[in-house]
Structures are given as structure tokens and as C-alpha cells.
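Here's a walk through a fold, starting with its open space and working outwards to the strands. Keep the viewer open and follow along.

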Amino acid sequence: MDIVTRTRADEALLEVSELRTYLHTRTGTARAVDGVSLRVERGESLGLVGESGCGKTMTALSVMALVPSPPGEILPGSSIRFEGEELVGAAEARLRRMRGNEVSMIFQEPMTSLNPVHRVGSQVVEALQLHRGLRGREAAAVAVELLAEVRLPDPEVRFGEYPHQLSGGMRQRVMIAMALSCEPRLLIADEPTTALDVTTQAQILGLLSDLRQRRGMAVLLISHDLGVVAEFCDRVAVMYAGQIVEEGSAQEVFHHPRHPYTQGLLASLPGRRSRGTRLAVIPGVAPSPNLWPHGCRFHPRCAFVMDRCAEQAPDLLPIAGSERTARCWLESPETAAAREDTRA
Ligand SMILES: Nc1ncnc2c1ncn2[C@@H]1O[C@H](COP(=O)(O)OP(=O)(O)OP(=O)(O)O)[C@@H](O)[C@H]1O
Ligand SMILES: [Mg+2]
């Protein structure tokens, strides 16, 4: 569709297309994000899942314009649009405004993002000063309100404590409060619960879910756990070797995965094995971003590999009868027809 005739209504909140984020290091170029396209609608939750090293954090950092450079480079042809406005190549002042008012990110390990020598309350106050220009008593009152909103127990007491006096779950709540201080329209949560026990993990995800509904905020949830993402998100994008390999509604992807990699991810979820059997693992190791395999990047580990897979890289192919896509030759019309013939 012509950009000019696009209306606000069909404009996504966030639209990433053909994003390539490479890292130039002494040992070569890591193609960490290699042609990622994804869309997040207003108020929607999209999950981004995949094994360690597949490029999830780099995708998020690219959206936040926080990729360290050097060694990072966002390649020409990459596009990141927020409410229709291109952010790749935008001026630093515009990007600061985006990070301060429109998009917030919470990181993998809250202890590294909180300053250990400052009290929790003063760190939230500082975020409020920075993003909303609040000062003094007003800032302190809003900070306590935010700490209460993220259901930190005894917010007035915790306000005066240091990060090390809080549990991991409480620290993550403080991080969420700080992320909310700018009233973002999109919250990127990068493995927000990885370091937490299962019960606390469920509470934090429940909290994010409530906040999303109450504030009408969109969430991009990054996780290596497809189960977590399926429970929390409307849609899921599965990432492998710097690319999206499957995309669709969380329920469909979780219950009927199409890409062999997604099937492997699901089989390796602890709840999925029958009692007494070993956890299934995807054979082989995740490839290195310096040397992605030729053809389909998953083919060396795939149980359904065909000759074509080693030679030719598949595109994200639409799956007939649904709004889903999978980057797999099994979804090509020829393969599907051949399958039908064999059945006949
Ligand atoms: N500063 C850097 N210099 C060189 N390579 C890097 C740098 N940061 C990340 N990478 C590489 O980029 C690739 C993608 O990393 P990224 O952090 O996005 O993975 P991820 O999917 O978030 O993994 P995890 O689940 O472990 O957090 C990895 O292979 C990583 O080794
Ligand atoms: Mg990561």
C-alpha cells in the first residue's frame, strides 16, 4: 500500500521490517539480526521466543536505538517505524524522546539495572524527573503510587530501602515501576522473569498483563520459554539464527506448531514430557552468527530435512487457511502437493 494513502488506523504501533543488525568484531561479522520483520499493534502483546544467541535482545536494542556502536551496525534497508515514523537514522534528540515518552524496556537482570548505592525510591523519583519533569514532594508521591501500582508490598517503607534489601521479584517490580514512569505505549520486557522462581514469575507476568490492560499499553515480551509466551501473549514470533521462522497467534503456534524448530522448542518444555521420560532436546548446537548455515539455517538440526533445504533458503511462507507464516520448505505449495500425491 502506498505510504501516503495509509491511514492511521492501519498503521501499526511498531513496525520493524528487514532489520539487519550486525556486530563487527575481531573474529568476523556476527549477523545477529538478519532480516527481521515484525508488527506490534496498539495494546497488543507479542512474544519473541528462541534459544540463547538467536538475536532477541539485539532486536529489542535495535528498536530502542541502544545497539552499542562499535561493534554494532544497523544496515541500510532496515526500517523501524513507530506510529508510522521512521526511527532508523533519526536524530538522537528524537530517539531520546522515543525512549523517554513512547517506548520503555526492562532488562534481563534487574540487579544490574538498579544502582546499588541509591535508595529504591530515589531511583524511581529520578526516572519521574527525567521523563515527566516532576519535582520534590509531587515526584515522591507519584513514585509511591507507581510502587503501589506494581504491587510492591509496603511501598512507603520500600521507598527508603536499597536494592539489596529487596528480593529478586521486588526488584523486578521496581524496574517495572521505573519503566512505567514515562507512561510508555510500548513496553519491551526482555526475559523479565528468567532469574525468578516459578511462583514469582507467574506473579510478575500477571502484573504485566494487568498493567497492559489498565494502561492500554502494548508489550513485546522476550523469552526463551514458549510456554510463558503462549500464556501471556496474543501473538508469537519464533526466532532462530537471526530470523523469524514462524509467526502466528499464540494459541495456534503453541498447540499446532508448523516449523520443525518450534516443534522442537515445544517438545523441550518440561511440562510436555510424559512422566519418567527424558526431556527432548533439539539435536545439535545453535549455529554461530558469524557463520549461519547455507540454505535453511535450521537444516543441519532438522528431522525433516530435504535436499532443497541445504541449497535454498526458504522465505516466510503463508500457511494455507490461517494468518500464520513459517520459514520452511514443508509449507511450499509444491511440497504440500507432493504430500497430497503420496497420500493418494
Ligand atoms: N557486543 C557484542 N559483540 C559481539 N557479538 C555480540 C555482542 N552482543 C551480542 N552479540 C552476539 O549477537 C548474537 C545475538 O545476541 P542476543 O543477545 O541478541 O541473543 P539473545 O537471543 O538475546 O540470547 P539470550 O537468550 O541468551 O539472551 C549472539 O550470538 C551474541 O554472541
Ligand atoms: Mg537476550
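Helix α4 gives the lining of the largest pocket its largest share, five residues. Keep in mind that you're looking at a predicted model. The pocket holds about 480 Å³ of space, and its lining runs to 21 residues. Which elements give two or more residues to that lining? They are β7, α4 (120–132) and α7 (168–180). If you want to centre your view, go for Met105, Ala127, Leu130, His131 and Met178, the lining residues that lie nearest the middle of the pocket.

There's enclosed space to look at too. Rolling a probe the size of a water molecule over the atoms shows where empty space is left. How many cavities of 30 Å³ or more does the count come to? Just one cavity reaches that volume, and this largest cavity measures up at about 80 Å³. Its lining is made of 14 residues, and those nearest the centre are Pro260, Cys296, Cys302, Cys309 and Cys328.

Now back to β7, which gave residues to the pocket lining. This strand belongs to an open sheet of eight strands with mixed pairing, and the order reads β7-β8-β9-β3-β10-β11-β13-β12. At the edges sit β7 (103–106) and β12 (317–318), each with pairing on one side only. Helix α2 (residues 92–102) lies across β7 and β8 (186–190), and its direction makes an angle of about 70° with β7.

Further into that strand order, have a look at β3 and β9. Strands β3 (residues 45–49) and β9 (residues 218–223) are parallel, with five bridges between them. To find the register, pick Leu48: the residue opposite is Ile222 in β9.

Next, turn to β1 and the strands that pair with it. As a reminder, strands of a sheet pair through backbone hydrogen bonds, either parallel or antiparallel. Strand β1 (residues 14–25) runs antiparallel to β2 (residues 28–40), and nine bridges hold the pairing. The link from β1 to β2 is a hairpin of two residues. Within this pair, Thr21 has Val33 of β2 as its bridge partner.

β1 has further antiparallel pairings. One is with strand β5 (residues 79–82), over four bridges, where Val16 is matched with Ile80 in β5. Another is with β4, over three bridges; here Tyr22 faces Glu73 in β4.

Strand β4 (residues 72–74) also includes Gly72. Is Gly72 buried or exposed? Gly72 counts as buried, because its relative accessibility is 9% and the cut-off for buried is under 20%. Leaving out residues up to four places away in sequence, Gly72 touches Tyr22, Leu23 and Val67. Thr25 is 47 residues from Gly72 along the sequence, yet their C-alpha atoms are 8.8 Å apart in space.

Finally, how far should you trust the coordinates? The average pLDDT for the protein is 91, and 93% of the residues score at least 70. Residues 1–5 are another story: their pLDDT is below 50, and this stretch has three contacts in the model beyond near neighbours in sequence. Where pLDDT is low, the predicted coordinates should not be read in detail.

Notes:
Residues are numbered from 1 along each chain as its sequence is written. Chains are lettered from A and ligands numbered from 1 in the order in which they are written. This is a predicted model: local features need pLDDT of at least 70, side-chain atom pairs count only at pLDDT 80 or more; totals for chains, interfaces and linings use all residues. Side-chain values use heavy atoms; hydrogens and water are left out. Two strands pair if DSSP finds at least two bridges between them. Contact means heavy atoms within 4.5 Å. Axes are lines fitted to C-alpha atoms, for helices over the stretch in contact, and angles run from 0 to 180 degrees between N-to-C directions. pLDDT is the predictor's confidence in each residue, from 0 to 100. Buried means under 20% relative accessible area, exposed over 50%, partly exposed in between (1.4 Å probe, protein chains only). On a 1 Å grid over the protein atoms alone, a cavity is a set of points where a 1.4 Å probe fits but cannot get out, and a pocket is an open set with protein on both sides within 12 Å along at least five of seven lines; lining residues have an atom within 4 Å of a point. Grid points are joined across faces, edges and corners, and a volume is the space filled by probe spheres set on the points.
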